[in-house]
Amino acid sequence: IEGYKVSEGNAYENDGVGNKVVLTVTDAAGNTTTGIARVTIKDITAPVITSNDDKNVDADSGICGATVVVTATATDNCTVGTPMGVRSDALALDAVYPVGTTTIKWNVADANSNDAVEVTQTIVVTDNQLPVIVSNGDKNATTDLDVCGATVVVSATATDNCTVGLPTGVRSDALALDAAYPVGTTTIAWNVADANSNAAVEVI
């Protein structure tokens, strides 16, 4: 064969086995022959995930956490579904996010088993709610028998959206809270901070 060419008008069809191309070749003498080539198209393009961005939010009122709406979508040259998100604390995506940092790992594969690059979404919830101190009230007492003072029971509690301990009371005369209170006026300054270092308004 001195030369050949791929004739015009080659047929292209999909016969269920693959993409079939019928090739016709003609030599210099005008002799022709045909052959079949099968073309396989392979999808190697990974889908791309987009989340609705990292979130920095304050804790919901009265709750040690926040409700946060998280979503992600995927695009692909072929068919792809909705990404699946897995939280670092293993809770449901619509469960309350605790104070601190929670990450979400988003993943998806397209219809041709191409895995997207994993996307990490970060949710940061900040507690800025102050604990509230309640004392057992001001006290007006008379002196105990034969004592220039009185035994007075004082106490205080604190409430908070997160974790808080018992308030600390400091007397103006620097004595212990359960020591006898002298005649006259003694004040107690009650203070406490919650687990996230939010200090309560001091109660006197």
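Confidence in this predicted model, given as pLDDT (the predictor's confidence in each residue, from 0 to 100), averages 91 over the protein, and 91% of the residues score at least 70. Residues 1-7 fall below 50, and this stretch has 14 contacts in the model beyond near neighbours in sequence, a contact being heavy atoms within 4.5 Å. Local features need pLDDT of at least 70 and side-chain atom pairs count only at 80 or more, while totals for chains, interfaces and linings use all residues. Numbering runs from 1 along each chain as its sequence is written, and side-chain values use heavy atoms, with hydrogens and water left out.

Turning to pockets, the largest has a volume of about 530 Å³. A pocket here is an open set of points on a 1 Å grid over the protein atoms alone, where a 1.4 Å probe fits, with protein on both sides within 12 Å along at least five of seven lines; lining residues have an atom within 4 Å of a point. The volume is the space filled by probe spheres set on the points, which are joined across faces, edges and corners. Of the 24 lining residues, Asp138, Lys139, Asn140, Tyr181 and Thr186 are the closest to the centre of this pocket.

Tyr181 also has a charged partner: Arg171 lies over the face of its ring, 3.7 Å from the ring centre. Likewise, Arg87 sits over the face of Tyr97, at 3.7 Å from the ring centre. Such a placement requires NZ of Lys or CZ of Arg within 6 Å of the ring centre and within 35 degrees of the ring normal.

Finally, the C-alpha atoms of Asp160 and Val57 are separated by 18 Å, with their positions 103 residues apart along the chain.
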